[in-house]
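Here are a few exercises to work through with the model open in your viewer. Try each task before you read its solution.

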Amino acid sequence: MSAIKLEDVTKSYGGFNAVDDLSLEVKEGELLCVLGPSGCGKSTTMRMIGGLERPTEGDVHIAGQKVTRQPPYERDCSIVFQDWALFPHKTILENVAFGLKMDGIDRTKRKERARETLEMVQLDGHENKKPKELSGGQQQRVALARSLIVEPHVLLLDEPLSNLDKRLKEEMQLELKDIHKELDQTMVHVTHDQSEAFTLADRICIMNDGKLIQVGAPPDVYNNPKNQFVEEFLGDTNFLEGTVVETASDEVVAKTDLGCHVDIPVTNRQAAPDEGESVSISLRPENMQLRQSEIQTIKADGGDTRCTASGQVDNVIYRGSMTRLYIDTGSRTIFVEQQYDPDREIEEQQNIVIQWDPKRLVAFDNEETQFTTVEN
Ligand SMILES: Nc1ncnc2c1ncn2[C@@H]1O[C@H](COP(=O)(O)OP(=O)(O)OP(=O)(O)O)[C@@H](O)[C@H]1O
Ligand SMILES: [Mg+2]
């Protein structure tokens, strides 16, 4: 049995589908991150799970029960919103105990449970303060404690960390992960921050334009993106544009706007494009190696270079442990990322050769569907 099951759910507002025929199952104890650009329907999906919106079509199930028409208070779930929505005039203890008051639990027991929950989110000692006396990160934890105290079957978190600065955000991500592990709590966490999704998620669900595009474990969606949107959304990359000039059973060769021919391994010949068709090839900046230009390049038949390009370093950007280099190949610029190495510093204007392993690229056909790796 799934903790949450959405069945062909659509939410329309005056003919516009904010969520469009979405089906999804969240397993018991799973932490699922919903990731997607602004306006793609993440909050609307959460609100339908939580009962704050009713689907125009389709059904919502929680813990095996159909709850599509049930009001929020009859659903075994709790939502933490982006703005936390704390009661400003109540103390932290009262804020956290509030959910239990609604459940009719007596005062002494409420306070005891609220204290325990505050301890879990590391806020013991702050019981008698008002929300405005706490930092953003602390207020966020109060909101979390207030939702956890009712022991919901499903905890829904709608961008609860987006108002925090980078460091605090990362700290809270780890805390959320710990709480998830400790309680085995089913959580659905909405974010539009890829690194947050990669830090937290057991599985990532990627949405665009109201539709579910792909759902899978973080390495699966990163290494085996369903389409070009997913590849682009999950991290910076170089897209080479090309045309197929040769096909074989296990690869296609494309002539690209980088000047060189690129070998694209394919696992399913049926799904790969034919000669003359256009392709986009994604070369992630971390999947390329750089060599000094005097090192011999790989020559293919006819003297053309394959899976390699030479150029001149235009820009070197230090990003702490990583260095990003922009390389002008004459036909276009490619960016490459490398671990910073003080013994092998690369300088601007230096001539350089870029190489990559064909196994480390993914390519997309003219409908933006990925055809290089095996179906999940
Ligand atoms: N009550 C409403 N009436 C009309 N349109 C709405 C309503 N609620 C949401 N929408 C529209 O539905 C789409 C999806 O909105 P939603 O809030 O789910 O996006 P989101 O993915 O959560 O975005 P963000 O990352 O900005 O929070 C948007 O285009 C939004 O304008
Ligand atoms: Mg939203």
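**Exercise 1. Find the domains and say how far apart the C-alpha centres of domain 1 and domain 2 lie.**

Solution. Start with the bounds: in this predicted model, domain 1 covers 4–231 and domain 2 covers 239–364. Now take the C-alpha centres of domain 1 and domain 2, which come out 40 Å apart. As for who touches whom, the contact draws on six residues of domain 1 and seven residues of domain 2.

**Exercise 2. Work out how much area domain 1 and domain 2 bury between them, and which residues of domain 1 lose the most.**

Solution. Step one, the total: about 630 Å² is buried between domain 1 and domain 2, with 49% of it on carbon and sulfur atoms. Step two, the domain 1 side: Y222, Q228 and E231 lose the most area to domain 2, and together they make up 84% of what that side buries.

**Exercise 3. Track down the salt bridge across the interface of domain 1 and domain 2.**

Solution. The cut-off you need is a Lys or Arg side-chain nitrogen within 4 Å of an Asp or Glu carboxyl oxygen. Apply that rule across the interface of domain 1 and domain 2 and you get one salt bridge. Then check R284 against E231: their closest N and O atoms are 3.0 Å apart, and the two form a salt bridge. Widen the search to polar contacts, and four residue pairs turn up between domain 1 and domain 2. On the domain 1 side, helix 7 (218–223) and helix 8 (228–233) each bring at least two residues to the surface that touches domain 2.

**Exercise 4. Give the strand order of the open sheet that four strands form, and say which strands stand at its edges.**

Solution. Reading across, the order is 2-1-4-5, with antiparallel pairing. Strand 2 (16–26) and strand 5 (65–66) each have a single partner strand, so they stand at the edges with one side lacking a neighbour in the sheet. Inside the order, strand 1 (residues 4–13) and strand 4 (residues 57–62) pair over five bridges; look for L6, whose bridge partner in strand 4 is V60. Helix 1 (residues 42–50) packs on this sheet, touching strand 1, strand 2 and strand 4, and its direction makes about 120° with that of strand 1.

**Exercise 5. Do likewise for the open sheet of five strands.**

Solution. The order here is 15-19-16-17-18, again antiparallel. Strand 15 (288–292) and strand 18 (333–339) are the edge strands, each with a single partner strand. From one strand to the next, the twist averages 45°. Finally, strand 16 (residues 308–319) and strand 19 (residues 351–356) are joined by five bridges, and G311 stands opposite I352 in strand 19.

Technical notes. Residues are numbered from 1 along each chain as its sequence is written. Chains are lettered from A and ligands numbered from 1 in the order in which they are written. This is a predicted model: local features need pLDDT of at least 70, side-chain atom pairs count only at pLDDT 80 or more; totals for chains, interfaces and linings use all residues. Side-chain values use heavy atoms; hydrogens and water are left out. Two strands pair if DSSP finds at least two bridges between them. Contact means heavy atoms within 4.5 Å. Axes are lines fitted to C-alpha atoms, for helices over the stretch in contact, and angles run from 0 to 180 degrees between N-to-C directions. Domain bounds come from an automatic or database domain assignment. Buried area is the accessible area (1.4 Å probe) that two parts lose on being put together, summed over both. A polar contact is a pair of N or O atoms within 3.5 Å; within protein, one must be able to donate a hydrogen and the other to accept it, and residues adjacent in sequence count only if both atoms are side-chain atoms.
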